[in-house]
Amino acid sequence: MIMADNNENKVLNVPHLRFPEFSGEWETKSINDLADVIGGGTPDTTVKSYWDGGIQWFTPSEIGKNKFVDASLRTITEDGLNNSSAKLLPPNTILLSSRATIGECSLSLRECATNQGFQSLVSKKCNVDFLYYLIQTKKKDLIRKSCGSTFLEISANEVRKIQVSVPSDVEQQKIAGLLSLIDKRIATQNKIIEDLKKLKSALYQEMFGSLVAPTLKLGQVAEIVKGKQVNGTELLEQGDYYVMNGGTFPSGWLNKFNTEANTISISEGGNSCGYVQYNTSRYWSGGHCYSLKILHPQEVSDLYLYHFLKWQEGNIMALRIGSGLPNIQKKDLLHFPIILPTIDKQKSIISVLTAIDAKIACEVSLTEYYTMQKDFLLRNLFI
């Protein structure tokens, strides 16, 4: 693979990176030249005979995570298909989301239908794998051509008009083959990570479920400290310390902290309240975040307590109250039961779980590396 040569300093319609056996400019076409663009629909949800049939029916939340999709969460019947704007799509259709997360896509392995959140592509004059990767490079164009007041959406006509550049069939196949190999590796990595997480869950059950030890209340083991709310205008796009505030991800950054490293946090409010996290660096604990300070470190390992609470995360989430914006009250957390074996037993449990966590982290890093490789190639193998 080489950088495209341009000795005469002309503006050529070629990508930055190219296989050495190919030359000549790419041809400019529209998506309409390459594929049929087909929308979707939703059968009447009150008619039972339209649902739970043999036709896979995808929604945008189900695609984009993997190159291929096979089975959908819900299915529809032929009656449902015929009595809605949903269309039966052939295998190898590119399911392209056209609202909410615009530009996400996956390839269907079998006949299927979609809801109205798609403008799917059925290739007619293009290598379908090449088209799958090509459309991923046009996400900014898809978003730019979207409109709507409640939520952005791109129409079928706008998708059809998007201009793209394509090489010969042989070069399409070569590019798609390389990217497909990387995608297969990423899929393998995701499966490894999924299996390791299942192993960890099984170990949680085996280790904690069979423990015979005294049961204490969380308030006897740790001080529960509620964080301090930060004005949204204070948050930075990047800073020295992240802000935990009721979600599974940082809500922003600050150049100050209020909580030390190696501290357990529990989300206090919001849709993710009850989420347990171990923070290996200093952070700002926000108004919807509880932080735990171990009362007797010589008797209780912070990592043991973290893993035990992570095992019990579902039961912690069951403490939620409120419907609009649920929250977990401190008084309920204080009485949450903790099984506490000897410190030696705690360390024994930690050693196993820490090894699994290290392996998962290693595989995640490898997945991120392959994803970065793919992103680089998508930027440079296409125009």
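# Notebook: rings, pockets and confidence in a predicted model

**Entry 1. Aromatic pairs.** I began with the rings and found that the structure holds 15 aromatic pairs. The model is a predicted one, and I read every value below as computed from its coordinates. A pair of aromatic rings is described by the distance of the centres and the angle of the planes, and I noted both for two pairs.

I looked up Y242 and W253 first. Their rings are arranged edge-to-face, with 6.3 Å centre to centre and 85° between the planes. Y242 belongs to strand β15 (residues 241-244) and W253 to strand β16 (residues 252-254), so this pair ties together parts that are 11 residues apart in sequence. I then checked the accessibility of each partner. Y242 counts as buried because its relative accessibility is 13%, under the 20% cut-off. W253 has a relative accessible area of 26% and is therefore partly exposed.

I turned next to Y304 and F308, which form a stacked pair: 6.3 Å centre to centre, with 25° between the planes. Both residues sit in helix α8, four residues apart, so about one helical turn separates them. Y304 is buried at 1% relative accessibility, and F308 is buried with a relative accessible area of 2%.

Which residues do ring pairs link into a cluster? I recorded Y204, F208, Y304, F308 and W311. The stacked pair of Y304 and F308 is thus part of this cluster.

**Entry 2. Charges over rings.** I looked for charged groups above ring faces and noted two cases. R74 lies over the face of W51, at 4.0 Å from the ring centre. K174 places its charged end over the ring of F19, at 5.3 Å from the centre of that ring.

**Entry 3. The largest pocket.** Rolling a probe the size of a water molecule over the atoms shows where empty space is left. I recorded about 660 Å³ of space in the largest pocket. Its lining consists of 17 residues, and K200, Y306, D357, I360 and A361 lie nearest the centre. Which elements each supply at least two residues of this lining? I listed α6 (169-209), β18 (276-279), α8 (302-311) and α11 (343-380). Helix α8 is also where I had placed the pair of Y304 and F308. By class, the lining of the largest pocket comprises seven nonpolar, six polar and four charged residues.

**Entry 4. The second largest pocket.** I found about 570 Å³ of space in the second largest pocket. It is lined by 22 residues, and G64, Y132, Q136, D183 and K374 are the closest to its centre. The elements giving two or more residues to this lining are α3 (128-136), α6 and α11. I noted that α6 and α11 also appear in the list for the largest pocket. The classes in the lining of the second largest pocket are six nonpolar, seven polar and nine charged residues.

**Entry 5. The cavity.** I asked how many cavities of 30 Å³ or more a search of the whole structure finds. The search returned one. The largest cavity holds about 30 Å³ of space. I listed its lining residues as M244, G247, S265, I266, S267, Y275, Q277 and C289. Strand β17 (residues 263-267) gives the most to this lining, with three residues. By class, I counted four nonpolar and four polar residues in the lining of the largest cavity, and no charged ones.

**Entry 6. One strand residue.** I located T114 in strand β10 (residues 112-114). Is T114 buried or exposed? T114 counts as buried because its relative accessibility is 0%. I also recorded its spacing from L89: the two are 25 residues apart in sequence and 8.5 Å apart in space, C-alpha to C-alpha.

**Entry 7. The whole protein and its confidence.** I noted 11 helices and 21 strands in the protein. Along the principal axes, the C-alpha trace spans about 70 × 60 × 45 Å. The protein has 383 residues, of which 44% count as buried.

I closed with the confidence values. The protein averages a pLDDT of 94, and 97% of the residues score at least 70. Where is confidence lowest, and where is it highest? It is lowest in strand β1 (residues 2-3), with a mean of 57, and highest in strand β8 (residues 94-96), at 98. Where pLDDT is low, the predicted coordinates should not be read in detail.

Key:
Residues are numbered from 1 along each chain as its sequence is written. This is a predicted model: local features need pLDDT of at least 70, side-chain atom pairs count only at pLDDT 80 or more; totals for chains, interfaces and linings use all residues. Side-chain values use heavy atoms; hydrogens and water are left out. pLDDT is the predictor's confidence in each residue, from 0 to 100. On a 1 Å grid over the protein atoms alone, a cavity is a set of points where a 1.4 Å probe fits but cannot get out, and a pocket is an open set with protein on both sides within 12 Å along at least five of seven lines; lining residues have an atom within 4 Å of a point. Grid points are joined across faces, edges and corners, and a volume is the space filled by probe spheres set on the points. Ala, Val, Leu, Ile, Met, Phe, Trp, Tyr, Cys and Pro count as nonpolar, Asp, Glu, Lys and Arg as charged, and the others, Gly among them, as polar. Rings of Phe, Tyr and Trp (its six-membered ring) pair if their centres lie within 6.5 Å; planes under 30 degrees apart count as stacked, over 60 as edge-to-face and the rest as tilted. Buried means under 20% relative accessible area, exposed over 50%, partly exposed in between (1.4 Å probe, protein chains only). A charge sits over a ring if NZ of Lys or CZ of Arg is within 6 Å of the ring centre and within 35 degrees of the ring normal.
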